[in-house]
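Walk me through this structure, from the whole chain down to single contacts. Keep the sentences short.

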Amino acid sequence: MSGNRMAHPLLISLANIDMHIRSKTSLHAYLLLALLPIAKFTHKVTRVRGLLQDQLVHQALSVVLSPLKTAASVGIMMNDPRGNLRYCFTPLAAWIADTPEESLLAGTSIKASPVTMATANEFGDAHRHPPRTAANTLAAIRTACSQCSPADYTSFLKAVKWLQLNGVVEPFWKLWLLSDPSEFITPEVLHHFHRMFWDHDVKWCVAATGAVELDFCFSVIQTLLKQVTGRDHHAVQRYIIAAVAGSVPRKFLTAIRALLDFRYLAQAPSFTTQSIHRVASALQEFHNHKESIVSQGVRGDWQIPKLELLQSVVPSIHQLGAVMQWSADITEHAHVDEIKVPARAGNNQSYESQIVRHLDWLDKCFRFDLATRIWQQTNEGGNGEDSSESDEDEEHEVDTEKTHLSGYSTLTRRPPDYFTISAALLGAESSAQKPYRTFATSTTGFHLATKPSLRLTVDEAASAYQLPDLKSAMAAFFASGDLCFPGQEHKLQIWQKVRVQQLSYHSKTLLPPQTLRAIPPSTANCYGHYDSAIVSLDSQSDWPKSGLAGHSVAQLWMIFRVSRSNSFLAYVQHFNIVPQPSPVTGMHMLKRAVRRNGQRVGEVISITRIRSPAHIVPNFGRAAHPCLTRLSSYELSDEFWLNKYFSKEFYYALSLA
């Protein structure tokens, strides 16, 4: 916690709270239930000290959770949010923990799976072993106790070793109705997915590719990574396939890609029968090719507990729903709010009581401020009078700046809604500058800065952006719409970036806006910076449900508007898409579209034909060219991978369509 004080926080939440609400740390859906002791035993044998610590944890949990165990058996009357009494039962639905903690909770040794009957030598099997039910574990405990007294620690440890137990005699979940470790111990995204990828997949790729070569490939990819530490560990997943493609054997890459597909598919917020089948198929594809990792000499055996736990992902989805809701990311953030911050607010004395008082104080202050704010807003809205007058000696003044509430409960920051803003601008007279800088289609919202970055003539823009065919591309666009091509007296208003907002693939909820940049060459970057985008071939499309059907990939070179025009346009350079994705990388290959004279194919389009940002990565082949840099790699390359792993939403659009 703090000040050389250690405890194991036990947090509690309700499984019937909506997944999206419970997953937001700012909404404080997890509360501190207890601080479990971390004792230091003096026995001279290390394994005995571990046994005693495990038994102490289960004894403490049995005491703390006994009211819930009783309520699960006989029920308890509780108030719902409307104040109605409900007859409730409290089975243990899920327990979020890392892999060692799961073994501790299940009462198993680290050489056995906490949820199935698999042992260390079976962790790499391509099928799921029978579940390790509570009845199985309790029967094994009785067998161990019949062979040796639990009070004889050394002998008892020898007895439980062959039964794959950790020595706990009275597990806390014993007699907890409808609560079985094989069901409530769930797959956990942070450790079972992201941490496993970093601890194993990355090391395999480094060994197969070479650390120097892989570092160089990452250095020339335009990524979001600055330093690969901490939270960026799982972000390496976005680029690893494109970075090693071509430099490792095909079957090796297929195994790595299949395991990555499994992780992306399993993190979906909702599932159908078909999508669950995709998850299972991806894991099976990895097992079909995993021997290539061994033959490459980067792995000797498959005694990886997290690998065996992946076999329980599909059963967990059937039993408890999406695995994304069981991520330790949320509980680790809750540890800070519920433990570390209150501990630091004290005087390093009586930690437990001070933490409880601090949390109680925060809760009461938040409730009081919330009630007074609701009263104030209701009073002002009901009679229209100025309610700001109050007694001078009022002890607590309502803060209309919301500073009190934000201090006790962090408010959720919502992304701007370009769709609603666009509809509001079109639905009523607005004083906003026309044409409106915020506009939307049925699938995509757009936002431009009020003032453009540049004002240039067509010839000046063609020179600044090094686009010799700009004038002819503009002429073709205006001719297609029976419009007059603007003369030199009409300057172009040019923007260097546009914000693009989409709806999520599964739920059609708003996603945070993303930025597309089109920055011309400068002294700092002689190549410029041009992002890529998914472009609709016509004005109507069903992105993201339709995938690449009816779409192309293009590089955005210029965002502009002709003065006195009501349309925002974009100059793009197209890529030719290889129709079928590679069976090895799972990604589409892109090649620059060029004319017979070698000039790139450019086109002027309405900006509303852009559907989504598209991340591309140069195809390095067997080894990246040593002259490439982060600034030059995209301009000097002609072949690219359409990197569907850049984000989960982009992955679902390209993989599930």
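**A guided walk through the chain**

Lys364 counts as exposed, at 53% relative accessibility. That is just past the cut-off, since exposed means over 50%. The model is a predicted one. Lys364 is a good place to start, because its side chain meets that of Asp360 in a salt bridge. The N to O distance is 3.2 Å. Asp360 is partly exposed, with a relative accessibility of 36%. Both residues sit in helix α17, which covers residues 351-383. They are four residues apart there, so about one helical turn separates them. Elsewhere, salt bridges with shared partners link Arg257, Asp261 and Glu285 into one network.

Side chains of opposite charge can pair when their charged atoms come close. How many salt bridges does a search of the whole structure find? The count is 13. Among them is the pair Lys174 and Glu170, at 3.4 Å from N to O. Lys174 is partly exposed at 28% relative accessibility. Glu170 is also partly exposed, with a relative accessible area of 46%. Another bridge joins Asp301 to Arg299. Their closest N and O atoms are 3.3 Å apart. Asp301 counts as partly exposed, at 37% relative accessibility.

Now step back to the whole chain. It has 657 residues, and 47% of them count as buried. The chain holds 22 helices and 19 strands. Along the principal axes, its C-alpha atoms fill a box of roughly 95 × 80 × 45 Å. Take the contacts with a sequence separation of 6 or more. Of these, 67% are between residues 24 or more positions apart.

Next, a pair of helices. Asp261, already met in the salt-bridge network, also takes part in a helix contact. In α11, Asp261, Tyr264 and Leu265 meet Lys648, Tyr651 and Tyr652 of α22. Helix α11 spans residues 250-266, and helix α22 spans residues 648-655. Their axes lie 10 Å apart. At what angle do the two helices pack? The angle is about 105°. Angles of 65 to 115 degrees count as roughly perpendicular, and α11 and α22 therefore fall in that class.

Helix α16 comes next. It runs over residues 328-344, 17 residues in total. From first C-alpha to last, α16 reaches 23 Å. That is close to the 24 Å expected at 1.5 Å a residue. Where is the kink in α16 centred? It is centred on Val336, and the bend is about 30°. Several residues of α16 are buried, including Ala328, Ile330, Thr331 and Ala334. Glu338, Ile339, Pro342 and Ala343 are buried as well.

The last stop is Pro618, in strand β18, which covers residues 616-618. Is Pro618 buried or exposed? Pro618 is buried, because its relative accessible area is 0%, and buried means under 20%. Leave aside residues up to four places away in sequence. Pro618 then touches Ser633, Tyr634, Ser637, Glu639, Phe640 and Trp641. One of these partners, Phe640, is 22 residues from Pro618 in sequence. In space, the two are 4.2 Å apart, C-alpha to C-alpha.

Conventions:
Residues numbered from 1 in each chain as written. Predicted model: local features only at pLDDT ≥ 70, side-chain atom pairs only at ≥ 80, totals over all residues. Heavy atoms only, no water. Expected span 1.5 Å × (residues − 1). Bend = angle between axes of the 7 residues up to and from the residue. Buried < 20%, exposed > 50% of the residue type's maximum accessible area, 1.4 Å probe, protein only. Salt bridge = Lys/Arg side-chain N within 4 Å of Asp/Glu carboxyl O. Axes fitted to C-alpha atoms, helices over the stretch in contact; angles between N-to-C directions. Parallel < 35°, antiparallel > 145°, perpendicular 65-115°, else oblique. Contact = heavy atoms within 4.5 Å.
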